[in-house]
Amino acid sequence: METMPLTPPFGPELVVTADERRVLEEFLDFYRRIIVTKLHEVPDADAKRRLVPSETTLAGVLRHMSVVERNWFQHHLAGQPTPAGDSDGGWSVEHTTMAELLEDYSRECARSRATAAGYDLDDTGTHDQLGQVSLRWIYVHMIDETARHAGHIDILRELTDGSTGAW
């Protein structure tokens, strides 16, 4: 996945009159690119350093986002089994590098796009607690989840090296 350009217009600004699906896809991809851009070239040691009382780290948030992509698009929407390694929610990062984590996240985002392309917004998948969930709902949930964690990454990045801003 590519990093963000430093000047507008960005994806969401280019689709202000597009159809619903294109708007949802562009907003989700916008926040996905912010995550990649904020974490591009962060050294492994910095990415794994705990800066808050919880076990949240830059690397952990990135791995968690890969798990979230797999969970919603591959498991809940497409009905594939959850990989055994995802049971911790994705926070364990001691045996991986940022390059591997960024590659995994980019690959999972591409898989999510490819999977979603085979469904209409009203098509549903199954969630254990929620029951049937539409692709439309999954997109909105993923925009929320990805934007929220992009904000966490922004704060952790500022605490790491003083870098501020959305990208």
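# Close-up views of a predicted model

**View 1. Aromatic pairing between helices α4 and α6 in the predicted model.** A search of the whole structure finds 3 aromatic pairs. In the pair formed by Trp72 and Trp137, the ring centres are 5.4 Å apart and the planes meet at 55 degrees, so the pair is classed as tilted, given that edge-to-face would require an angle over 60 degrees and stacked one under 30. Because Trp72 belongs to helix α4 (residues 58-77) and Trp137 to helix α6 (residues 135-161), this pair ties together parts that are 65 residues apart in sequence. The two residues are also described by their accessibility: Trp72, at 7% relative accessibility, counts as buried, whereas Trp137, at 36%, counts as partly exposed. As throughout these legends, the coordinates come from a predicted model.

**View 2. Helix α2, its N-terminal cap and a salt bridge along it.** Helix α2 covers residues 20-39, and its 20 residues reach 29 Å from the first C-alpha to the last, close to the 28 Å expected at 1.5 Å a residue. The helix is mostly covered, with 14 of its 20 residues buried. At its N-terminal end, Asp19 acts as the cap, with a side-chain oxygen 3.3 Å from the backbone nitrogen of Arg21. Within the helix, Arg22 and Glu26 form a salt bridge in which the closest N and O atoms are 3.5 Å apart, and because these residues are 4 residues apart in α2, about one helical turn separates them. Glu26 is buried, with a relative accessible area of 17%, a value that falls under the 20% limit, while Arg22 is partly exposed at 42%.

**View 3. Glu41 in the loop after helix α2.** Helix α2 is followed by Glu41, whose phi is positive, near 70 degrees. This residue is found in the loop between α2 and α3 (44-48). Most residues other than glycine have a negative phi, which gives the context for a positive value in a residue other than glycine, as for Glu41. With a relative accessibility of 66%, Glu41 counts as exposed.

**View 4. A network of salt bridges that includes residues of helix α5.** Side chains of opposite charge can pair when their charged atoms come close. The structure holds 16 salt bridges, and a network of such bridges links Arg70, Glu103, Asp104, Arg107, Glu108 and Arg111. Asp104 and Arg107 meet through their side chains at 3.0 Å, N to O, and both lie in helix α5 (residues 98-117), 3 residues apart, about one turn of the helix. Asp104 is buried, with a relative accessible area of 16%, and its partner Arg107 is partly exposed, with 40%. The side chains of Glu108 and Arg111 likewise form a salt bridge, at 3.2 Å from N to O, and these two residues of α5 are also 3 residues apart, about one turn of the helix. Here Glu108 counts as buried at 4% relative accessibility, and Arg111 is partly exposed at 32%.

**View 5. The largest nonpolar core and the surroundings of Met98.** The largest nonpolar core has 22 residues, and those with the most contacts inside it are Ile35, Leu39, Leu58, Leu62, Met98 and Tyr105. Helices α2, α4, α5 and α6 each supply at least two residues of this core. Apart from it lies another core, of 14 residues, among them Leu24, Val68, Leu121 and Ile143. When neighbours within four places in sequence are left aside, Met98 is in contact with Leu39, Val42, Asp44, Ala47, Ala59 and Leu62.

**View 6. Ala47 in helix α3 and its contacts.** Ala47 is found in helix α3 and is buried, with a relative accessible area of 0%. Not counting residues up to four places away in sequence, Ala47 touches Val42, Thr57, Leu58, Ala59 and Met98. Of these contacts, the one with Thr57 joins residues that are 10 residues apart in sequence, with 6.3 Å between their C-alpha atoms.

How values were computed. Residues are numbered from 1 along each chain as its sequence is written. This is a predicted model: local features need pLDDT of at least 70, side-chain atom pairs count only at pLDDT 80 or more; totals for chains, interfaces and linings use all residues. Side-chain values use heavy atoms; hydrogens and water are left out. The expected span of a helix is 1.5 Å times one less than its number of residues. Buried means under 20% relative accessible area, exposed over 50%, partly exposed in between (1.4 Å probe, protein chains only). A polar contact is a pair of N or O atoms within 3.5 Å; within protein, one must be able to donate a hydrogen and the other to accept it, and residues adjacent in sequence count only if both atoms are side-chain atoms. Rings of Phe, Tyr and Trp (its six-membered ring) pair if their centres lie within 6.5 Å; planes under 30 degrees apart count as stacked, over 60 as edge-to-face and the rest as tilted. A salt bridge is a side-chain nitrogen of Lys or Arg within 4 Å of a carboxyl oxygen of Asp or Glu. A nonpolar core is a set of buried Ala, Val, Leu, Ile, Met, Phe, Trp, Tyr and Cys residues joined through side-chain atoms within 4.5 Å. Contact means heavy atoms within 4.5 Å.
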